[in-house]
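Grab a pencil and work through these short exercises. Try each task before you read its solution.

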Amino acid sequence: MRHAFVHFDLNTSAFDEVRRFYETLFDWTFVDVDVGGNGPYAQIRPPSGPGGGLQPNPMPSAPSQWVPYVGVEDLRATLEQVRKAGGTIIVDYMPTGFGAQAIVQDPGGTQLGLVEMTRKRTRESLEHILC
């Protein structure tokens, strides 16, 4: 899992319509998840490969977009490497139910999610999918 793409979030301004689109287009399964009152969130479970999530765009003025996440072993150390390499931290270290995540931007302006999985069950699940 180290430095591999492990998850993709789709931030959208048309949650219900986009969900129906991908259910029809790719036959993906969506599972609603309670994210503590922060609006709807649905896990995307494709038949193979990394899964993802569908959520209302947290930045309404930004366009709807996919955000890929790369798995890292030590998120805090990786964020320091981002800074030293000339990148920008868009969303700093944020604890989650499965570990922690952040959003960074490279010098060219492309954003990327970073995720540290600390729950053993989550890591094993992802390793099974990616192998």
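**Exercise 1.** Work out which strands helix 1 lies across.

*Solution.* Start with the helix: helix 1 covers residues 15-26. Helices (H or I, at least four residues) and strands (E, at least two) are DSSP runs, numbered from the N terminus. Now look for contact, meaning heavy atoms within 4.5 Å. Helix 1 lies across strand 1 (5-12), strand 2, strand 3, strand 4 and strand 5 (65-71). Finally, take the direction: helix 1 runs at about 150° to strand 4. Axes here are lines fitted to C-alpha atoms, for helices over the stretch in contact, and angles run from 0 to 180 degrees between N-to-C directions.

A word on the model: it is predicted, so local features need pLDDT of at least 70 and side-chain atom pairs pLDDT 80 or more, while totals for chains, interfaces and linings use all residues. Residues are numbered from 1 along each chain as its sequence is written, and side-chain values use heavy atoms, with hydrogens and water left out.

**Exercise 2.** Find the order of the strands in the sheet, and say why strands 2 and 6 each have one side without a neighbour.

*Solution.* Two strands pair if DSSP finds at least two bridges between them. Following the pairs gives an open, mixed sheet of 8 strands, ordered 2-3-4-1-5-8-7-6. Strand 2 (29-32) and strand 6 (88-95) sit at the edges with a single partner strand each, so one side of each lacks a neighbour in the sheet. For one pair, strand 3 (residues 42-45) and strand 4 (residues 52-56) run antiparallel over 3 bridges, and A42 stands opposite L54.
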